[in-house]
Amino acid sequence: MTMSGTPKIVIIGCGISGIAAAQRLVNGGFTDVRILEATARSGGRIKTGRFGNNIVEIGANWIHGPSEENPVFCLARQYKLLDPEALSPENQGMDIGGHPPWVPNVFSSSGDQLINAEDIYPAQDMFVELLYESSQYQSQGGEPWPSVGEFIRSEVRQRAAEQWKDIDAATRSLRMSVISNLMKAECCVNGAHSMDEVGLGAYGIYKTLPGLDCTFPGGYEGLIKNLMSELPSGLVTYNRPVSCVHWNSSEQRENPVVVECDDGEKIAADHVIVTVPLGYLKKHHSTLFRPPLPLHKLHSIQRLGFGTNNKIFVEFDSPFWDADCEVIYLLWDDEDALVQQVTDVQRSWLQKLFGFTVLKPTERYGHILCGWIAGHESEYMETLSEQEVTHAITQLIRRFTGNPILTPKRILRSQWFHDPWTCGSYTCPGKGCSAQDLENMMESLPTKGSQSQPLQVMFAGEATHPFYFSTVHGALLSGWREADRLISHYSKSKL
Ligand SMILES: Cc1cc2nc3c(=O)[nH]c(=O)nc-3n(C[C@H](O)[C@H](O)[C@H](O)COP(=O)(O)OP(=O)(O)OC[C@H]3O[C@@H](n4cnc5c(N)ncnc54)[C@H](O)[C@@H]3O)c2cc1C
């Protein structure tokens, strides 16, 4: 490709979206491309860590929908990072609609028995059906409730009264506790404090791909390492937080944008691709852009949700769960009323943890569980010492199993809310959101109709994908999208 002049392009952030944008631009013939990254590493929310003799994912875990349409799957296959099972046509063909059919073990807070998994299926089926119905309001409009949480609570009450009227009180109460638990799990999936914060009309904007979710046996960061090895060395400057993007700037005669770093350095550019997380944008938009962002863009940043989902890894010498178990649900006996809980976070934060997924295969990991906790309780957990978290988890597991001597070998938790460059986990469709908000997120500056030089500030990152937001593939595609926008801009201006 030939270009008039050599445009200077600065990418802010070296997560998967920033890397994808750089890769595409370099392959497209752009020679003056650099990435400024606040931390000392690449990968952002793709972060593989050590846990005893194992590796675990502190951030992204699965390829959601590993099939031909998923570019993360295609790259992982190309770099030979996946197990043969994940590559099989059967795996790619499974359409799970975002809900993997995991084999559960179910424990209750009374700690007296392992609940028969079949007893939870009627409640689980009703919940999955209601999530499906929630996703339909995006195309139908006219949603009866503002949020998914309110819709599900109201429908469950009604349907339980009709469909479960002849069921004994104990079984009904168990089913209601299952629904409460699945609501907590859904908060983790959405990265939301409560499903009352997820818009009913917006819930269906998110799209899933076919394929049974799979993991990277050698760690998700293998994908980052492979992509980075294809970029020219020295393209990334680490430990270089950007403090302000001055656009429509007259400071430099030749370049309309000046990127100011924390250390005072000023870098002139023709185009800046901003890939910082939505959580960071929510907190710092007012200082990050000069002039400030246009109001419609700012409102979309505010309307879209960006909550917290954290993991707590717990290792045991031997399992207290069945050999085929893939998920452990913890049911609280006092959560059968389906009311929106107003909890004393400091005292009962751990009640928000819906349970654990089991790291598989056992031959590779031994006996490691991954606990999931979302929302303000998760943010509070981050403020506790590792010792306090270990103590709380030990008490919880002893209570639910009824085994007073069960002791974890080690514990490790993520702290995404207090990560200063992320400020949460990932994007969710908040109450009152629409597809327009995601369009606004990806809109470049200056906006259409302006006389100034176009494409000065561009936006990539998971929060800018119109329907794969919150995922690695959404982030990757958004980086390619912005690179393609520039490639197309310069090939047109050459004509
Ligand atoms: C706990 C957790 C579990 C997840 N699980 C999955 C999963 O199973 N599957 C899936 O597909 N997705 C998952 N995700 C989401 C996925 O990790 C993200 O969608 C994706 O990695 C985001 O990539 P990104 O490039 O948009 O942002 P990031 O990876 O966050 O990259 C942004 C980069 O910008 C840098 N930055 C921020 N501010 C500045 C600044 N001022 N100056 C310079 N640099 C800055 C940051 O340090 C970071 O490196 C998970 C995320 C979390 C937190």
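**Close-up views of a predicted model**

**View 1. Helix α1 in the shell around the ligand.** With 3 residues, α1 gives the most to the shell around the ligand, and the view is taken, as are those that follow, from a predicted model. At least two residues of this shell are supplied by each of the elements α1 (16-27), β14 (309-315) and α16 (472-494). There are 39 residues around the ligand, and those that come nearest are G13, G15, S17, G44 and R45. When the residues of the shell are sorted by character, 18 are nonpolar, 17 are polar and 4 are charged.

**View 2. The open sheet of 4 strands and the helix that packs on it.** The strands of this open sheet follow the order β10-β9-β8-β12, and their pairing is mixed. At the edges lie β10 (266-269) and β12 (289-290), each of which pairs on one side only. Helix α9, made of residues 278-288, packs on the sheet, where it touches β8 and β12, and the direction of α9 makes about 55 degrees with that of β8.

**View 3. The pairing of strands β8 and β9.** Strand β8 (residues 242-246) is joined to strand β9 (residues 257-261) over 4 bridges, and the two pair in the antiparallel sense. For a single position to look for in this pairing, the reader may take H246, which stands opposite V258 in β9.

**View 4. Helix α6, its length and its buried residues.** Helix α6 runs over residues 148-163, which makes 16 residues, and at 1.5 Å a residue it should span 22 Å; because its end C-alpha atoms are 21 Å apart, the model agrees with that expectation. Within α6, the buried residues are V148, G149, F151, I152, R153 and V156. These buried residues of α6 pack against two other helices, α5 (121-140) and α7 (169-190).

**View 5. Residue R77 and its surroundings.** R77 has its place in helix α2, which covers residues 71-78. Around R77 there are 16 other C-beta atoms within 10 Å, and because a residue counts as buried at 20 or more and as exposed at 12 or fewer, R77 is partly exposed. If residues up to four places away in sequence are not counted, R77 touches L82 and L87. V103 is included as a second point of reference: R77 and V103 are 26 residues apart along the chain, and their C-alpha atoms are separated by 27 Å.

Definitions and conventions. Residues are numbered from 1 along each chain as its sequence is written. This is a predicted model: local features need pLDDT of at least 70, side-chain atom pairs count only at pLDDT 80 or more; totals for chains, interfaces and linings use all residues. The expected span of a helix is 1.5 Å times one less than its number of residues. Two residues are in contact if their C-beta atoms, placed from the backbone, lie within 7 Å. A residue is near a molecule or strand if its C-beta atom, placed from the backbone, lies within 6 Å of it. Ala, Val, Leu, Ile, Met, Phe, Trp, Tyr, Cys and Pro count as nonpolar, Asp, Glu, Lys and Arg as charged, and the others, Gly among them, as polar. Two strands pair if DSSP finds at least two bridges between them. Axes are lines fitted to C-alpha atoms, for helices over the stretch in contact, and angles run from 0 to 180 degrees between N-to-C directions.
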